[in-house]
Amino acid sequence: MEKLKTLLIANRGEIAVRVCKTAKKLSIKTIAIYSEADAASQHVRDADEAVLLPGSNATAYTDEEAILRIAKEKGADAIIPGYGFLSENAHFARLVGELGIAWVGPSPDAIEAFGVKHTARGLAEKANVPIVPGTKGLVEDEEAAVEEAERIGFPVMLKATGGGGGMGLITCDKVEEVCDGFRMVQSRGKTLFKNPGVFIEAFYPASHHVEVQVFGNGQGQAIHFGERECSIQRRHQKVIEECPSPFVEKHPELRQKLGDAAVRLAESINYGSVGTIEYLVDDKSADFFFLEMNTRLQVEHGITELCYDVDLVELMLKQADAQLAGKHGLDGKTLKQMQPSGSSGSAIEARIYAENPLRDYAPSPGLLQKVEWKDVPGSRIDTWVFTGVRITPNYDPLIAKAMVHSRSREETIAAMRRLLTQSTISGPPTNLEFLAHILDDPRFQHGNTMTSFLQDFKYTPHAIDVISAGAYTLIQDLPGRPTVGKGVPHSGPMDPIALQIANLLVGNPRGKEGLEITLSGPELRFVGPAIVALCGAPMEATLDGNEFPMWSNVRIEAGQKLKIGKTTGGGCRSYLAIYGGFPSVADYFGSKSTSPLVAIGGYQGRALAPGDLLQISENVPNGFTAVSLPEHLRPQYKSKWEIAAMIGPHDEGYFDPEFIKKIYETEWKVSHNASRSGIRLVGPVPKWARNDGGEGGAHPSNLIEYGYPLGTLNWTGDEPCIFPVDCPNFGGFTSSTTVIKADWWKLGQLKAGNTLKYVRVGLEDALKKRKLNDSFLGSIEQAIRHGGGFEKVEKLQGAHCNFHQGDLGKAVVWEKEGDTNTPKVRYRQGGDDHLLIEYGEESFDLNHRCRVTALENALHSNSTPEVIKSNLYNTVGCCTTLLLYYNGAELPRSDLIAHLQTIESQLGDLRSTKVPTRVFKLPISFESKLQDEATQRYMTNQRPHAPYLPDNLAFVAKNNAFSPQQLKDIYLTGQFMAVVVGFFCGNTVSLPVDPRQRLSAPKMNPSRVFTPEGTVGWAGSCMSIYPVDSPGGYQMTGRTVPCWDYYSYKPGFDTQPWIFRDFDILTFYQVSEQELDDLLGRFRAGKYEWAFEEVEFDMEEHNKLLESTSDEVSAIRKKQAVAQDEMTKAENESLERWRKEKAENQVDEGTVEKLLDDPSIVSVEAPVDANVWKVEVKEGDEVGEGTVIVILEAMKLEIAVKTPDLLSNAGKLKVEKLLVKPGDTVTAGGNLVLLKKT
């Protein structure tokens, strides 16, 4: 290129990506522009430089002033507009030229001439190009429109003269329709195109839409690159395009006529750059008529490039370069020599959209959880998306243009069908299947593709239409994600027994994904046939209004509606299995399970919502045998539960022994705060065997962070909470009694208000009970699949174990005293599948972290026996502990312990070892508007006063006898070792390497409901980096770049979504808030480069540091203790005052329960963890369907909670009791308001 060195691409999406490719080929520097919604778009990553546009997402790409300013600042030689947005804006093209920047496209005069449709008709007629019979100019009013329509002859088409892209036109078949049509088109023209002009043309119902690709040099010479057929359209929007046209192929003499007319028209106005002449071709006579000229690059230009081996964008750029060089355009003689004699082979383009076929193909924005294109010979995918990108509601929902080029049309159709049916796009609904069905239509196969093709084309997806979603409906499978960790929850069904039986009944593998339905279920319309089974807690269920049987397989026909209502007895969850599962739902780390708390897996990482579309198998078995599980074999769902549990891991030494007995004697009550991430219990206050948590924290429940066993009873202060499948994988609170795996299904059925009593069992008892569960399921599978009948199946054993084959055991199953060279080690049990290895005496010591790392590496080494490696699901390494999650049914704990003891004996003294690690250099800003806003919302909506408000950083400094600047200096001079990565989404907890820089701070109480991603927080003795926007309790002290990428597409993340590893060292350098915002923009765009170096951490040098600073550290700790005593006193006073303020308006739980016992009382529940922002009703108010009851605030979103759908036919309702007020914090499923049916 002679003059064109820097190109600004004034567009987005796939066309911006496509332009980048050619520009790079020509060594032209590219500048991308993007909106906030497009930060992760491929074009932002592909361009040499990317600039964020100001303003809203909706208007960013048409902000002429901003785009021109960016072009000047970046020294752009040319601007290319692509298609849409500003591509046919003559005013903008002139402004570009006035700045001395080349406009990569036709002249403003050409854009204007062909932008007004009736003027374009005149130009075509002047160039001797046939035009559709119609009006000579515009029609002025309805009367004139009727007169002209009658003269032309019906049917006619009324068109807005400024229209395009199928907008602003309407077809009329009779006089009566013309007046209304005129008013409608005039109004659309005025609104959409600022031009109310209307003209009329004859309408040819049996016709083809054929267009010719032209290129002119702006000096009177033009050539063409054949024709494309674009007849298959929906609402005048092209769906499938072909090159060459199958109709023209049948009328070969037509090709030259079309091409000659197109060139004649282009040359008549000295047209420069690419353009497309669109024709209407009559199917019967093969007569053709000019429709319009598109003065831009066409969406479907790619199939012309494939058939004519030409790069149209390259021609455009060379034309612009010639104009910049003062040559006015490409040489005419050279251009004419480029005129091809014909096409090579056949190409088809299919436009792939995120759209819902059951909602009249309405756009369906959402997260693309998996994007994989089938590699087909001759294929080309023009796209801007990849796995992890979100289709936003701001723009056209085009995902990609899929193109295939082959030697013949038949080969191209076959190849395109393979591409469409074997590619995977998981997330919102798409038109992939719709496009494939078009290719299968005999009319398409024979090339009979007229503009009316889709009017009588029948397509029905194999899917379930979600009419209403129920209280909390998730996709879950078995075993979930037990092997991932690092903040990716275990996931899977809360009740694995019910899901497995449902799957067996429909003929699925036991672990196949199904719907987990909590408390009340969805209404589902089956668009295709299916075999289903509903198992679990008893629920109301009807099929087309008739009672639907549970624990039975049922064939549902297309069009039928399954409505699942509320639970009618004990238990709270049921599972709907569907033959074949949900094939379009993506795997995430090998599972389709949903973890909604972290937005992972399932359908869009969330609970189902009305309007969702679930694809199901189209291959439903023809032979169907009805099977029902006998009543006596169905699990019993109670309100009073007995659940088997084992001692540990912290029963001994942490709690008073009398209280441990009380744990098993108490009838615990299930709180309304019961969810997949934690089941809170109400019961006696614990008695502790110690006064505080040492270095873990001020409360005796505090510990140095360690891995949490599933099913454990965790103590957050004095509050007990059972940790089920979506719990965090580590934390700093003690855990006592742990539910055995055989009874995990019961945890899934615990409902608010239920009671549970723990039944103490030993390891042998737990494994035997588990074996009986497996035998029960195996017998059912045998009976269903092999017709053996259910007579020999023994029912699922009750909670009480009527056997005790071994010792009930102790929390500590093995320990070894330390010596001068090695620390003390204890092995603590955590149920029948978890073992916790603990070093030292609960102190933050990097020597222990070094030992944890060495043990973990040894376990994963080649020397570990296969039986251990194959049954070791996961490990969670923390500062002083290593949690092992293993398959206790296959790996005897005694064998595992023996191997661990062997490793321990071989580790030896590690105090002088060198550990390979990485030192990261991270930016940190101590100013953040988002953090300030989060604090302000906290003070408004959660807690108005506390010692840590309004300045968290100043509080942490004061709590440690430092000034705020001294705390900042610690960040800027210190090194922070990552002692554990996980919790949720790769949250990275770090400890200062230098003991003089170690701090302590309490968490915010209650925790915030929103924390900005990248927040650098402090709580306990550790720093933490928040990986994503999330709730949180760490004191906010700064902000950096986030450490999590869900789909690992950003640089540095490789194949895992977390960036940091255990033992990484983090350092910080200070930046301004604006500088950090720029870096965050680069991070979101996938352009941020992590700065780190590989080093070795010298434990010997570290131990020398510990020894040499011990006196200084001791003095610092004394000062900190005094400051912390003062702050603790201030916090206690503030807490007491705040709780008193809350208690004045609080409704006691006994009153709530008494009201809920009344069958006419219905609770309105919180859909998510949130703050109460507004209460829109008062006691005594009448409410109806869709009434907004409460408005919640969560993650900066306002969530309107309305009258539940299930009450839409309940008649009159009144507000009986308000349970919350503005500023209250609520959890998902918590009661907000009680309504009474009147």
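A salt bridge is taken here as a side-chain nitrogen of Lys or Arg lying within 4 Å of a carboxyl oxygen of Asp or Glu. Under this criterion, Glu14, Arg18, Lys25, Glu305, Asp311, Glu314, Lys318, Arg380, Asp382 and Lys401 are linked in a network of salt bridges, and the structure as a whole holds 86 salt bridges. The structure is a predicted model, in which local features need pLDDT of at least 70 and side-chain atom pairs count only at pLDDT 80 or more, whereas totals for chains, interfaces and linings use all residues. Residues are numbered from 1 along each chain as its sequence is written, and side-chain values use heavy atoms, with hydrogens and water left out.

One member of the network, Glu305, belongs to helix α11 (residues 301-308), where helices are DSSP runs of H or I with at least four residues and strands are runs of E with at least two, both numbered from the N terminus. Helix α11 is mostly covered, seven of its eight residues being buried, where buried denotes a relative accessible area under 20%, exposed one over 50% and partly exposed a value in between, as computed with a 1.4 Å probe on protein chains only. The buried residues of α11 are His301, Gly302, Ile303, Thr304, Glu305, Cys307 and Tyr308. Just after α11, Asp309 adopts a positive phi of about 50 degrees.

Individual salt bridges occur in both buried and exposed settings. Asp833 pairs with Arg770, with the closest N and O atoms 2.8 Å apart; since Asp833 lies in the loop between β44 (825-829) and β45 (834-839) and Arg770 in helix α20 (residues 763-786), the pair ties together parts that are 63 residues apart in sequence. Both Asp833 and Arg770 are buried. The two strands that flank this loop are themselves joined by a salt bridge between the side chains of Glu838 and Arg826 (2.9 Å, N to O). Because Glu838 lies in strand β45 and Arg826 in strand β44, this pair connects parts 12 residues apart in sequence, and both Glu838 and Arg826 are buried.

A further salt bridge joins Lys136 to Glu125, with 3.3 Å between the closest N and O atoms. Lys136 is in the loop between α6 (117-126) and α7 (142-152) and Glu125 is in helix α6, so the pair ties together parts that are 11 residues apart in sequence. Lys136 is exposed, with a relative accessible area of 72%, whereas Glu125, at 40% relative accessibility, counts as partly exposed.

Helix α21 (residues 846-859) packs against two other helices. The axes of α21 and α23 (residues 893-907), fitted as lines to C-alpha atoms over the stretch in contact, come within 10 Å and cross at roughly 125 degrees, on a scale from 0 to 180 degrees between N-to-C directions. The two helices are therefore oblique to each other, given that angles under 35 degrees count as roughly parallel, over 145 as roughly antiparallel, 65 to 115 as roughly perpendicular and the rest as oblique. The contact (heavy atoms within 4.5 Å) is made by Arg851, Ala854, Leu855, Ala858 and Leu859 of α21 and by His899, Leu900, Ile903, Glu904 and Leu907 of α23.

The axes of α21 and helix α28 (residues 1099-1108) also come within 10 Å, crossing at roughly 160 degrees, and these helices are therefore roughly antiparallel. Here Leu846, Asn847 and Cys850 in α21 meet Met1099, His1102, Asn1103 and Leu1106 in α28.
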